[in-house]
Amino acid sequence: ALPAPLLRGLLPLLNVFRLQRAETAARRAGISTQPIWRKLWDDVMKTRPPNSESITCWRKKFLETFFSNVLHGVLDVSSDWRLNDHHFLPLLHSSPHVSQLTLCNMLQSAVELTAEHNQKVLENLAKSLHVLKFRHLLSSDQSTRRSLVLLLHRLIHHGSVNQVSMYSWPVPDTVLLVLILSMSAGFWRSGNALMYHSSPCGLCREEDKAQSQESTQEQSERGCCDKRAWSDGENQERSPRAPEEADVEMNGYGADAHLNSVLSRPGSPLQNQACDEASSKVPCDHTSIQGRSSGCISDQPSCCPVLQKTRRRLKSAVGKKRRCLRRSRGRYADPEDLYDFVFTVAREDKSGLLDKTSATEGENTENWTSSSPGSLHTDHAGCKKIGGSAGIFSLKAAHRFRSVSMLELFSIPLTGEMCRTLSNLLSSWLSLENLVLSYNGLGANIFCILSGLRTLSRHPDCHLRVVRVSDVYSHVPCMELVHCILSALPQLQTLSLSFDLKKQLEGNRPEGNPSCSEAEIPESCLEQLEIRFPREPLQTMFLLPVLKASKSLQQLSLDSATLPCSQELGLLLEALKECNPNLKKVSFRDMNLAEHQKEVLLLLQDPVLQEITFSFCRLFESSTAEFLSEIINTVKRNSSLKSLKLPGNRLGNHRLVALADIFSEDSSSSLCQLDVSSNCIKPDGLLEFTKKLEGHIQQRGGQIPFTHLCLFQNWLDQDAETAQEALRRLKAVCSVVNDSWDSSQAFADYLSVM
């Protein structure tokens, strides 16, 4: 219990280990350690972190980055005395502060984290880690994959990871990609597909033991049929076997034992339906198995033939796999066995019954199928059905674990077979809330992905709310794709589409996908719509049905669209006013609005909009002084507008100075944020704007709503002394965001690509 002044002087002299231990005492004394951690960052990391203005806790930022650098071997703890303490274990003591982790290249960090001596580190990460990223991955050997399986199982299935992101993988290892995707979706099959270790983890064994005891107790109470099969399954698990056979039936489930454990829980869909069909004397054509269902076998003897028939199929499928494994040379299966990680998706019933049933009531056990390497079987529209190797029973009959809520794939080419695999995983990924697919070369395969999402959306427990798709080429018009997605996913809240170039396949649409513009759009929950057109014309007639169906729309962003006629933008504004009364934010980017001054003023007059963005819209390319004056007067009278963003519109010095009149004494504006980035503003113009703004503040008694000014990429480097004075005076008025942009180098780069 040191006096506060003494403690304040002592803290900067402590090393990292003792500084962490002193955090509680410093907090009690009301002393902030943030400056110390910030200095540690500057001295040890020697870099400026991105978005440093938004960092709220430098302690967490330092320790999280420290953990990553030590793990990847890019930081030597002996390089600084503050890191070198014999009590300080770098990975162990920093791991509780790690919420985001990136694994790279050969995944050696996965091997390190799953090593025996880092068991406590892994336990800490399972509690603290929320975002797991993979970047620049390379092919890895089987031992590394085994470590990765253990790591994913601990961090996702038994941990807190909610987001999995993969970046920059130009030639993806299909085995590794399927492994990461399937485990992110909550699947793990050490017995068949993912045969990289010989037994479940301790947490799994505890869960399986509890479930087994519960199932045994229920079976003994109910005295259901086929007790012999259950005991055979238990005996098989306990009896010594060849390593290959043991691997087939590990993960807590042998063929018989797994099926019985599924069927013995209360309310098993297969049991319920079988009993119903037996009692009503209807042929059993739609039996299904759901791995996470819980239930017990009915007392009715009529159930037994159906269950025995299903059990025989499972035994046959696993038997085939077992014989294949006996012929293998090694203890672990060949990597190609990963492709037997197969599940089927219920066929859409032509009578529409699928829409009325839950996910536990659609899979036909007659349709257990096999797939060729790299694919998961599907009958979705837009996905071709393929066949291949020996059949494995459905994944829906397998144990399913916790899954992540966000999946992001950036710059990873996805083949047709991989798209079918992903489509099948998505079709039952109930926890998924956010899906981001960026530059994956999808092309027409976007409809295969969409078919899996359509199946997912029909489930009452579907949580998908955000879909973002961006790519180089658009194979169908953007608005047509918007119609398709919203027709399939009416519960979406955010939809973002972005394409660089148009590459429409003339007269050759994907099979099973007619023109989406003809599809009716049901009333949707859409709140945010972002479309980046590949230089396509803005056709309001196709956007209008989307706006009418999206009564809850709050944000609309249109980028790189061309305006085929002068009336097009006016029609859009009328539609927004009529159909979307809750609209709060509108953004136009890279659209030539130089000849649409009337529509620009109409937008600025809107009494509901709170944020308006005109980014690189060439507003003042051919305008007069009167147009600028009209903009200023319109904003002065609008009390609802909070943010005005005008980057890249050639404001220059004189127009920036004029904008200061928005905050004059006679203004009723509530404008808080102004963005004038990339507007050729020089230091003397910024200083004059500052002086004029200070005059208006003095006239209004020191009170204006203005709080944020964004100045990125302006010519402030041309007179550093004047720029520093302007920024110093501005920061006394509002928060200023700028950068050290080299305007001469930028101009040289511009000339070099002309």
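Within helix 9, the buried residues are Thr144, Arg145, Ser147, Leu148, Val149, Leu151, Leu152, His153, Leu155, Ile156 and His157. The model in which this helix is found is a predicted one. Helix 9 covers residues 142-157, and the points below take up its length, then the cysteines, and then two loop residues with a backbone angle of note.

**Helix 9**
- With 16 residues, helix 9 reaches 21 Å from its first C-alpha to its last, which is close to the 22 Å expected at 1.5 Å a residue.
- Its buried residues include two histidines, His153 and His157, and an arginine, Arg145, alongside leucines such as Leu148 and Leu151.

**Cysteines**
- A disulfide is a covalent bond between the sulfur atoms of two cysteines, and a search of the whole structure for such pairs finds zero.
- Cysteine 419 is in no disulfide, and the nearest cysteine sulfur, which belongs to cysteine 448, is 6.1 Å away, whereas the cut-off for a disulfide is within 2.5 Å.
- Cysteine 419 is buried, with a relative accessible area of 0%.
- Cysteine 710 counts as buried because its relative accessible area of 16% falls under the 20% limit.

**Positive phi in loops**
- Most residues other than glycine have a negative phi.
- Arginine 650, although not a glycine, has a positive phi of about 60°, and its place is in the loop between strand 12 (643-645) and helix 24 (652-659).
- Serine 678, also a residue other than glycine, has a positive phi near 55°, and this serine lies in the loop between strand 13 (673-675) and helix 25 (683-699).

Key. Residues numbered from 1 in each chain as written. Predicted model: local features only at pLDDT ≥ 70, side-chain atom pairs only at ≥ 80, totals over all residues. Heavy atoms only, no water. Helix = DSSP H or I, 4+ residues; strand = E, 2+ residues; numbered from the N terminus. Expected span 1.5 Å × (residues − 1). Buried < 20%, exposed > 50% of the residue type's maximum accessible area, 1.4 Å probe, protein only.
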